[in-house]
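User: Please take a close look at the largest cavity in this model. What lines the cavity, and which residues are closest to its centre?

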Amino acid sequence: MKPIVDPRDGDAEDDASSTKRRTLMSLAGTLLSEISLPKLLAAWIVLIVIPAIMLGAGPLLTSIWIGTVSSKAAAIFSELFAPVVLLLLLLIGWFGGRSLWRFVETNFWSLNALAVQPGYALIREAVRQVAEGFLTEGGDQHARGLVRAGSAAVAGLLIFTFSAWIFALVWPHTRWTGTVGDLSTPMRLVGVALWNSVAIVTAYLAAAGLSWGVADTIMAQPEDFTPLPDSSSAQRLWRVAHLSDIHTVGEKYGFRIEGGRSGPRGNDRLRQVFEKLDAAHAQHPLDLIVISGDVTDAGRATEWAEFLDLMKQYPRLAELTVILPGNHDLNVVDRANPARLDLPFSPNKRLREVRALSSTVAVQGRRVRVFDDGANRLGTTLQEWLAPFAERIVSFADTGALRQSWNLADVWPQSFPMVLPPPTPEGLGVILLDSNAETHFSFTNALGLVTTEQMRATEKIFADFPKASWIVALHHHVVEYPKASKALSERIGTALINGSWFVRRMQRYGTKIVVMHGHRHIDWIGRCGELTIVSAPSPVMDVTDDKDTYFYIHNLGIGPDERLMLFAPERVVLSGVPKGRSAIAAHKAHIPGAAAGVLHP
């Protein structure tokens, strides 16, 4: 029995969100025609307008409170109840004022992450895109580095000039002091607050643009790096398999969002990955398997179930594996509709977090530990940390109730960084970061951001383990590769917004760490100064089933100078199979090159 159209080969619906089969203009057209304008307006009000009002109203409310306190203090000897009122106001200021300040501060950084830093990154990468267009492919990397540095300086000056101009325009409309009477006209107060907010943000952006531009200009620019071929000088050697963007799907013949029919179907190739790893581990034991995000294709429950079922088949590998979330695990709102968005208070994002966290516990909950912010040190295991929330998580997963979602709001951010401590003081540990930005829109799901809280915790961990070496793993690429310029949409739409800041902070510890990431499916090893960066290719993306893919087993070691060094990796090839045959069937048939354990240095 043969159908007219074989459903196993998919059809146009499988390409609905594919960036490989459709142009960005086509996807944007679909977005504009199908987007929900009321939901978009509501999202902008919650994410932009309300934080802006609260930020701009902060100085006014503070001045109103100070003015009220002053007037009561002046009347303290003429009114019997004044001391009581004054004491009450001081208590409100002490407890409520700190909460107000935290609220204003939170909204400032919310605006910073949503608009300020992305704006700087957009201008910087746009300038670089134009400048690098004049360089020849494969040209001198030093020249490319100079262009990158100069572009950052130009971007900083452009942002400073534009921000200063806007600041000068809005300044006459601002007001920084108020009276109790202003509270009787709230709409006028809101208007003034918005003007104040624009002034605060543009003043900050002008200063930040200059400082970011200078910092990005003087920092060491990325360059290709060739690992040492001979590891005989290493005092200690670790074998680390680095996987990323494995995009597990939940259906036997399912295609992936990005690739559509231009990519593989089902999970046969992923099974081949673990067969090869199992054989490699039997030949020469591995120390770690790091999967740096996009474990699933859209964060669906069936996808996580497929991944966990696969891990159960390889218990020896499961004991070595650590995972972290990618944008496809958390931020894909609807795999078939890029125009769909979640409102900021929607429980859907929390459901995806719960799925990812529950699966992460199953993989590594007893081995990784979370950072205790209160004690400012490494705390309990992930499983122990989540135990008090387990019942609430189960109930929320069952009902998806909005109120339960709010009660679990802090669980996800407080679970990162996750840390696999070094087994000995001089051993190798792993720090797992969540680099996903708070996006609520499928079309912008790929943006990344490393929070300052995670960075502070990471640096404290470095200080607490001074002799240890570390793999710092995250999903998003931290720098643009020193290669021929890509499309601007790719450089901006998938960027780690504060990547340069992250690299500058990590460079302080460059001799003791290696940064590993995925996200762009690009095979690259490079350095920014002393900092070594490893970008993983995807073993399952960007090619159809008949094409070869690969991944790497990296060799890390401690050199004679006590620094963490990267030696030549082993390239593990996953052979493509003829159309109509699965990778597992091909393996059983002993197709040349498909046998497990074939390592290519």
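Analyst: The cavity comes first below, followed by a nonpolar patch on the surface. The model is predicted.

A search for cavities of 30 Å³ or more finds one in this structure. The space in this largest cavity comes to about 130 Å³. Its lining is made up of 15 residues, and those closest to the centre are Arg-124, Glu-125, Val-478, Val-479 and Glu-480. By residue class, the lining of the largest cavity holds six nonpolar, six charged and three polar residues.

As for secondary structure, two helices each supply at least two residues of this lining: helix 3, which spans 82-132, and helix 17, which spans 499-507. Helix 3 gives the most, with four residues.

The surface has a feature of its own to set beside the cavity. Leu-41, Ile-45, Val-49, Ile-50 and Leu-194 make a nonpolar surface patch of about 380 Å². Helix 2, residues 37-74, contributes the largest share of the patch, namely four residues. One of the patch residues, Ile-45, is found in helix 2. Ile-45 has a relative accessible area of 37%, so it counts as partly exposed. Patch residues need over 30% relative accessible area, and the 37% of Ile-45 therefore meets that cut-off.

In short, helix 3 gives the most residues to the cavity lining, while helix 2 gives the largest share of the nonpolar patch.

Terms used:
Residues numbered from 1 in each chain as written. Predicted model: local features only at pLDDT ≥ 70, side-chain atom pairs only at ≥ 80, totals over all residues. Heavy atoms only, no water. 1 Å grid on protein atoms, 1.4 Å probe; cavity = no way out; pocket = protein on both sides within 12 Å on 5 of 7 lines; lining within 4 Å. Points joined across faces, edges and corners; volume = space filled by probe spheres on them. Nonpolar A, V, L, I, M, F, W, Y, C, P; charged D, E, K, R; others polar. Patch = residues over 30% accessible without salt bridge, like charges linked within 9 Å, V, L, I, M, F, W, Y side chains within 5 Å. Areas by Shrake-Rupley, 256 points an atom, 1.4 Å probe, with all protein chains shown as cover. Salt bridge = Lys/Arg side-chain N within 4 Å of Asp/Glu carboxyl O. Buried < 20%, exposed > 50% of the residue type's maximum accessible area, 1.4 Å probe, protein only.
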